[in-house]
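Here is a set of exercises to work through with the model open beside you. Try each task before you read its solution.

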Amino acid sequence: MSGLNLREVKKDFGGTPVLKGISLDIADGEFVSLVGPSGCGKSTLLRIIAGLEEQSSGHILIGDQDVSGVRAADRNLSMVFQSYALYPHLSVAENIAVPLKMRQMSAWQRLPLIGGLMPGARDKKAQIGQAVMSAAETLEIAALLDRKPGQLSGGQRQRVALGRALVREPAAFLLDEPLSNLDAKLRVQTRSEIAQLHRRLGATFIYVTHDQVEAMTMSDRIAVMMGGEILQCAPPHIVYDDPDDIRVAEFIGSPKINILPVESRGGAAILMDQRLPMALPLQDQSDLRMGLRPEALHLSSHPVLSGTVVHMENLGSEIFAQLQVPGLYDPVVFRADPSERARLAMGAEVGLGFEPTAALLFGADGRRLRIQQPASQPEVA
Amino acid sequence: MSSATKLQQRTAWWLTAPALFLMFVILLVPVIVAGVLSFTDYSLGNSSFEWVGAKNYDRLFSRSTYEKMFVATFTYVLTVVPISVGLGLGAALLINSLVRFRDLYKTIYFLPVMATLLAMAIAWEFMLHPSIGMVNRTLEMTCGTILEIIPFLANGCADQFPLWLGDRDYAIWVICFIGIWQGFGFNMVLYLAGLTSVHRELYHAAEMDGAKSGWERFRLVTWPALGPTTVFVVTISCIRAFQVFDTIEAFWPQGGGPNKSAYVMMFAIFEKGVQQNLIGIGSAITMLFLVFVMFLTLIQRWLVERKVHYG
């Protein structure tokens with residue numbers, strides 16, 4: 001086990017930059033998710049870390065050793081593939097044993113038939129058998145060891161792929177969207193199992209996903225990638241509460257954050273011609289944006305935003321309602337308590353307020369504007 | 001049983017009847033007739049025949065002509081099948097690893113498959129002519145050079161180069177060579193098709209698992225994935241090898257090679273059954289031929305069901 005460091009890793013595909021200088025330090029035993037929309041370069045980055053693809057420039061260090069130019073087989077990493085990539089002709093036990101056989105047995109000992117006659121082959125085979133058994137027991141697939149991958153369900157195959165990764169002790173585990181082929185229920189279950197596995201093994205995990213829920217629930221830190229860059233790498237709650245970039249704020253969180261146009265005029269924030277009680281120590285600017293999470297908005301009798309309820313999603317424990325506000329193109333989503341259901345109905349006219357401290361301000365370039373609000377600021381009524 | 005079900009069953013039989021009839025008349029009856037005739041001394045044009053029991057089969061396994069037939073046939077099959085399958089696989093793997101000129105190589109290797117074997121045989125006959133043929137002329141050019149240290153060339157220069165088609169030690173091997181030259185392009189195409197179905201991510205998984213050499217990746221991923229293709233290629237190659245006829249008929253229309261060294265089964269059937277009008281013995285060889293092919297097909301079925309992994 002060891003940490004992993006990326007230094008200015010760049011990748012071009014035929015002149016098109018896919019990764020634009022990625023630097024990331026991953027501590028020993030950390031669970032880091034690379035999350036982003038498809039095409040953001042997250043899988044390419046994982047494959048470069050694995051050594052399956054070569055970076056155009058930059059360095060990768062595993063445990064302070066530069067592995068640039070070292071082939072994948074020699075990097076001591078394990079990978080779980082999206083398609084699982086199990087060897088279809090081998091049984092589950094044989095599949096899990098492959099990484100150990102390839103690394104611990106000589107080419108002669110691996111030969112069919114006569115391999116077993118080579119000195120030391122039997123002892124090694126027995127050791128490998130034990131390692132396979134304990135990996136299978138960890139993942140509760142001991143009953144499946146004699147089956148072929150074709151006879152397994154998607155969830156079982158996924159476990160076998162995990163088993164093949166964890167049967168030896170690699171420097172880090174690389175997981176490339178391992179849950180994307182599972183159905184929703186199984187995904188939730190496997191999600192927590194992988195998180196538990198990480199806690200138990202204490203190993204370094206790098207997990208690629210496009211699903212922000214997976215990233216939020218499992219990771220120690222999330223690296224949000226977009227357009228070949230890491231926009232922000234921080235623990236889940238920071239990425240959610242304190243995003244650095246408007247794209248991070250928009251990508252993380254479901255339902256999506258509300259983005260409203262704001263102006264700064266005379267040191268105050270103006271939202272739809274209303275002066276908000278927020279100090280803006282900025283020059284006058286008209287193209288600022290404000291992000292408001294659905295839970296930051298609440299029903300208010302002295303509203304900042306008012307409009308018509310156009311859609312409601314009742315999840316039982318909470319209600320997400322969409323409010324069409326005159327002058328705004330997208331409806332504003334807010335979270336309401338089930339006790340407020342009486343006040344909400346399709347077509348009802350309601351007003352919303354929010355605390356200024358909950359508002360996230362972004363500049364014209366999408367970067368976050370962090371403005372210290374006085375703590376005693378009264379709530380926007 | 002209700003009348004509707006009965007009617008449906010009767011209709012089903014009526015609808016399958018033409019296919020059953022044709023299958024019976026075109027495929028099964030000739031086999032049965034050949035089987036029956038193989039126990040007679042029938043000749044085409046005779047009004048009657050005598051039952052001779054297993055005499056035809058007895059001859060097949062006792063006369064030296066037929067011993068030569070088996071030797072030639074099995075020499076050909078056991079040489080051509082492994083080499084043409086191996087070369088086909090090798091060529092497919094090499095072409096598959098190419099970035100450019102794939103189609104060019106594919107076309108070149110596939111050309112002999114498309115060519116008419118009879119015409120090709122005539123071209124080969126000219127090339128292998130003992131005195132004016134291209135092959136021996138080329139070999140003569142090595143005389144007096146350093147290459148003469150090779151015993152084969154030294155002997156050739158001192159005495160004479162092989163007669164090839166006229167030499168009983170070389171004839172069957174020339175036939176084998178032409179068979180391989182002509183056949184491996186077909187196997188290559190089948191293997192190329194098989195290679196496209198190998199999942200690319202499996203190679204990455206093999207690399208991550210520590211399979212460093214190309215040979216290890218081949219054993220772990222490529223070869224198992226090509227199992228179904230290999231069973232098919234080997235069976236097809238065997239059947240084609242058992243059926244070799246054109247080259248032998250073109251080179252030696254009378255007799256099947258010097259001292260019957262290239263007297264393969266198909267040629268024997270043609271010679272006995274057609275040229276000499278000995279339908280009985282011709283049928284017996286045909287039945288034996290059928291047994292070999294059936295045997296191969298059964299082995300293929302067994303392999304497909306037991307050993308080969310699909311999917």
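Some terms first: two residues are in contact if their C-beta atoms, placed from the backbone, lie within 7 Å. Helices (H or I, at least four residues) and strands (E, at least two) are DSSP runs, numbered from the N terminus. This is a predicted model, in which local features need pLDDT of at least 70 and side-chain atom pairs count only at pLDDT 80 or more, while totals for chains, interfaces and linings use all residues. Residues are numbered from 1 along each chain as its sequence is written, and chains are lettered from A and ligands numbered from 1 in the order in which they are written.

**Exercise 1. The two chains**

Task: describe the secondary structure, extent and burial of chain A and of chain B.

Solution. Start with the elements: chain A has eight helices and 21 strands, whereas chain B has 14 helices and zero strands. Next, look at the extent along the principal axes. The C-alpha atoms of chain A fill a box of roughly 85 × 45 × 40 Å, and the C-alpha trace of chain B spans about 85 × 60 × 30 Å. For chain B, take the radius of gyration too (over C-alpha atoms; the globule rule is 2.2 Å times the number of residues to the power 0.38). Chain B has 25 Å, where a compact globule of 311 residues would have a value near 19 Å.

Now turn to burial. A residue is buried if 20 or more other C-beta atoms lie within 10 Å of its own, exposed if 12 or fewer, and partly exposed in between; C-beta atoms are placed from the backbone. Buried residues make up 38% of the 381 residues in chain A and 31% of the 311 residues in chain B.

**Exercise 2. A four-strand sheet and its helix**

Task: find the strand order of the open sheet of four strands in chain A, and the helix that lies across S1, S2 and S4.

Solution. Two strands pair if DSSP finds at least two bridges between them. The order is S2-S1-S4-S5 (chain A), with antiparallel pairing. At the edges are strand S2 (16–26) and strand S5 (65–66) of chain A, each pairing on one side only. Inside the sheet, strand S1 (residues 4–13) and strand S4 (residues 57–62) of chain A are joined by five bridges, and A:Leu6 stands opposite A:Ile60 in S4(A).

The helix is H1 (residues 42–50) of chain A, which runs at about 60 degrees to S2(A). Here axes are lines fitted to C-alpha atoms, for helices over the stretch in contact, and angles run from 0 to 180 degrees between N-to-C directions.

Finish with two backbone details. A:Glu8, in strand S1 of chain A, has a positive phi of about 50 degrees although it is not a glycine. A:Glu8 is partly exposed, with 13 other C-beta atoms within 10 Å. A:Asp64 sits in the loop between S4 and S5 of chain A and has a positive phi of about 70 degrees, though it is not a glycine either. A:Asp64 counts as exposed, with 8 C-beta neighbours inside 10 Å.

**Exercise 3. A five-strand sheet**

Task: why is one side of S15 and of S18 in chain A left without a neighbour in the sheet?

Solution. Begin with the order, S15-S19-S16-S17-S18 (chain A), in an open sheet with antiparallel pairing. Strand S15 (297–299) and strand S18 (332–336) of chain A stand at the edges with a single partner strand each, so one side of each has no neighbour in the sheet. From one strand to the next, the twist averages 50 degrees. Within the sheet, four bridges join strand S16 (residues 305–314) to strand S19 (residues 349–354) of chain A, and A:Gly307 has A:Val350 in S19(A) as its bridge partner.

**Exercise 4. Where the chains touch**

Task: work out what chain B brings to the contact with chain A.

Solution. Count the residues: the contact takes 15 residues from chain B and 18 residues from chain A. Then assign elements: helix H9 (200–208) and helix H10 (214–225) of chain B are those that give two or more residues to the side of chain B that touches chain A. H9(B) gives the most, with six residues.
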